[in-house]
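Me: I am new to this structure and should be grateful for a close look at a single part of it. Please take one helix, explain how it is placed, and then relate it to the rest.

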Amino acid sequence: MLKILVCISHVPDTTTKIKFEADGSALDRTGVTFVINPYCEYGLSRAIGLREEGKQVSITALCVGGPEVEPTLRKALAIGADDAVRIDAPANDSAFVARQIAAYAKGKEFDLIFTGKESIDFNGSIVPGMVAELMDFAFISFATHMEMKGDNSATFHREIDGGMEVLDATFPVVVSCQKGISEWRIPNMRGIMAARKKPLAKVSPAEVREYVDPVKLTYPPARGNTQYFEPEDAQGLVGTLIDKGLI
Amino acid sequence: MAREYVNMKNLRFLLHDVHQIKEVLAQPYYAEHDLESIDMMLDAVKQLSDTYLFPHYEDMDRNEPQLEGGEIKVHHSVRPYLDAMGEGGWIGAVAPMDLGGMQIPEMLGVSAAFVMAAANNGATGFNGLTTGAANLIVSFGSAEQKEKYLPKMFEGSWQGTMALTEPQAGSSLSDIQTTATPMPDGSYRIRGQKIYISAGDYTETENVVHMLLARIDGAPLGTKGISLFIVPKYREGEHGELVFNDVTPAGLYHKLGQKGTPATHLMYGEKDDCHGYLVGEPHRGLSYMFQMMNEARLLVGLGAVSIASAAYHASLQYAKERPQGRRYEDGKRDLTGPQTPIINHPDVRRMLLLQKAIVEGGLSLVMECARYADLAKAGDEETRAHYELLLDLLTPVAKTYPSEMGIVSISQGLQVLGGGGFCKDFPLENYYRDIRIYPIYEGTTGIQSQDLLGRKVVIKNGKAVKLLMAEIQKTLEAAEAYEDLRPYAEKLRAKLETVQQILMHLVPFAMQGKIERYLSDATLFMELFGLVVVAWQWLKQGVVAKQHLVSGKDDPDFMESKLHTMKFFYHYELPKTLGLAERLLDDTVLTIAEDTRELVN
Ligand SMILES: Cc1cc2nc3c(=O)[nH]c(=O)nc-3n(C[C@H](O)[C@H](O)[C@H](O)COP(=O)(O)OP(=O)(O)OC[C@H]3O[C@@H](n4cnc5c(N)ncnc54)[C@H](O)[C@@H]3O)c2cc1C
């Protein structure tokens, strides 16, 4: 039996128009739809793929967050996780989150821990490496492919600048996933209905200090105004581009 | 920018806030579902639509099915789509769980169908027809028929159809001539032909299950002599193997729109070897079919509103991006400044608001009907009778308003794009062609209107209308709690009186047996009644938007836009009832054929 932990980050839908609270301290959540972080979903999907390949697996989905993340975990259950765990603490700080995951996973003999390569809200790419370090597991980052090799190891592909790296690793391994490792799955109705009855446990957070304190979020500078030139005014266009130091 | 075709927030607003699906979910029949799972299912439908439907919309239109060597081939995206639908559990979603369905509320079924048809209405006919055909078997089939057909249909590997229409029997189904001869083994031999049968045959399905209307030899004339049969393309042979059942495609129609779904001309029993299996009792076929048609008609209204939704989003995006002309400021236009996006011109804005008002008003009406269907299904005898009566009354309206006004809406949407709207570079011309079928199939607008005025408003001494008035009354009272909604409640109240006045004027013709006179303007009555009913739906939405604004709990921009569109409907659309009322109360009738001379020449 392969024991798999899939870390799920709860993030705003990619199509959301992001607004901040008036003081800029946090995301304004009104009217925002939250989803499973797409990169985490690759991990979940790969784990389910192992089951479809005939492996005995147990899949636990985990998310650090308040009660608002439960629908996201429920969706992971609908897609095919066997049980879910919510570590009841806000996920503001990568080091804090990684320590929570490691504290939960220690002693539970996971063979594989899947994460996304990054979460699409704060794009830190920090958690997976830290979890691997804290657990003393092998770490494969940015995995685009995974194939079992026997019962206790796998071959991985990693995308690297201008090429690909192929690695073998013996479990336990932390894998941070990206596009290619699997295809996203659409939950079916049976899965959605079954998810209501699968266990979703709330776990108290470990005693870990917060390492950073979020202060402020700002938007990127607004794009400049559009300036129109008449078709015959090529000179005006070139002149403006030169003035702005663009050519 | 990725193009949108539905507003999911609006769909959730209607489902949860306006029509309160939680009341339906509280019924024990729906115990396997909750609000969270309903939302998850909606998300799944959107994902399905984004993946399997929307990307193929244009290509399906450009590469229509072909009949070659006696075989019909459909677009390559149909098979993977139907597999995904079957795998997802969507084809049998509304059916009871003990028959392999998911027992979801109609309200969710309607919401799902809305998203999918907006994504690609050329494809959704395939599964929609299978669902409809399967529902007939669920309601009236024998245990053996259920076991034999439902699993294959629900998994998407067998296609279902509705085989009603014949060359001489379109609107007039009592003229059906296809025959069924009883055989000693209990089956029937079917002989005849059917035309326009959607998804009637194609190679990318294992089998086709026709729900076919025919006359058993010696059956009485008219509607009381028509029976319902299951006629598969391949029947089960002696050893359980599938053998050809003598159903052949004689032709394929080339249509204006909805080209993805083949409309077929089918021959049954050319070699005298077409076996049919009676569903339910002999001679009851049309009444079974009518029960099903109620659902089908709702889905037709929904389909129309879906396409209109997709068209609205395409127009809206264009209007925001297309700079053309300038606005007046202090009575002048600054010709040196940049052009303004066309959404800033009042005329364009009017067209967009009209589209939004029709789409969101029409969808709300269909959702209301679905809610009645759910409450009827789950309730006791009395509750069932109550909601069924309301549903009976509103179904022809929910079929017709979106179909007729959807055309207007898309036409205006096309206008928003100017020349671009007329060309294939943009999808508007495609939506415009696709929606045109909606007032025709599942009973034309003329037939729906006669059903409304000739039957629904008068059945049980006008009880259905009374029930509707009571429902509307609840909305009026809720609206009157808010100062700024009160004028709209008053407008609606006045229109209800207009409806009564018109009925008092017309019904005496029916009582005097002057039926042709009574029904001569039925379609105009439908138009007026549709406006009033949709005005009610807008007020209902307005009340909820107002409640949200007062409590400050949700997206204020969305709620303000709702109220704005409600006002638009009341100030721009509802006044059209004035002209209609004048006509309906006018005693000069110029449309009844005369015996002695022909004045239309
Ligand atoms: C694309 C497409 C798909 C279809 N799919 C199917 C299908 O899957 N299965 C199926 O069985 N059929 C299907 N049909 C057939 C469709 O239901 C019929 O075309 C429709 O019912 C109208 O019948 P008709 O074409 O014979 O028109 P007619 O009945 O000849 O009607 C012509 C006109 O006369 C009017 N009219 C007719 N009778 C009356 C009356 N008594 N009083 C007032 N006005 C009247 C009608 O409103 C209409 O305007 C499809 C048709 C099309 C075009």
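Reply: Helices here are DSSP runs of H or I with at least four residues, numbered from the N terminus. By that rule, Lys460(B) belongs to helix 15 of chain B, which spans residues 459-480. The model is a predicted one.

The helix chosen for the close look is helix 20 of chain B, made of residues 576-584. Three of its residues, Thr577(B), Leu580(B) and Leu584(B), are buried. A residue counts as buried when 20 or more other C-beta atoms lie within 10 Å of its own, and as exposed when there are 12 or fewer. Viewed down the axis of helix 20 of chain B, the buried residues fall within an arc of 65°, and therefore they line one face of the helix. The general background is that an α-helix has 3.6 residues a turn, so residues three or four places apart point the same way. Leu578(B), Gly579(B) and Glu582(B), on the other side of helix 20 of chain B, are exposed. The cover over the buried residues of this helix includes helix 16 (486-511) and helix 18 (522-551) of chain B.

Returning to helix 15 of chain B, Lys460(B) has a positive phi of about 50° although it is not a glycine. Most residues other than glycine have a negative phi, and most peptide bonds are trans. Lys460(B) counts as exposed because it has 12 C-beta neighbours inside 10 Å.

Chain A offers a further case of positive phi: Glu109(A), not a glycine, has a value of about 55°. Glu109(A) sits in the loop between helix 3 (94-105) and strand 6 (112-116) of chain A, and is exposed, with 9 other C-beta atoms within 10 Å. Another loop of chain A, between strand 9 (163-170) and strand 10 (173-177), holds Pro172(A). The peptide bond leading from Phe171(A) to Pro172(A) is cis, with omega near 5°.

The two chains also touch: 15 residues from chain A and 18 residues from chain B take part in the contact. On the side of chain A, helix 2 (70-79) and helix 5 (189-195) are the elements that give two or more residues. That side has eight nonpolar, three polar and four charged residues.

Finally, there is the ligand, with 18 residues around it, of which Leu164(B), Gly170(B), Ser171(B), Thr444(B) and Gly446(B) come nearest. Strand 3 (158-163), strand 5 (188-198) and helix 14 (445-456) of chain B each give two or more residues to this shell. By class, the shell comprises 10 nonpolar, seven polar and one charged.

Key: Residues numbered from 1 in each chain as written. Chains lettered and ligands numbered in written order. Predicted model: local features only at pLDDT ≥ 70, side-chain atom pairs only at ≥ 80, totals over all residues. Contact = placed C-beta atoms within 7 Å. Nonpolar A, V, L, I, M, F, W, Y, C, P; charged D, E, K, R; others polar. Near = placed C-beta within 6 Å. Arc of directions from axis to C-beta.
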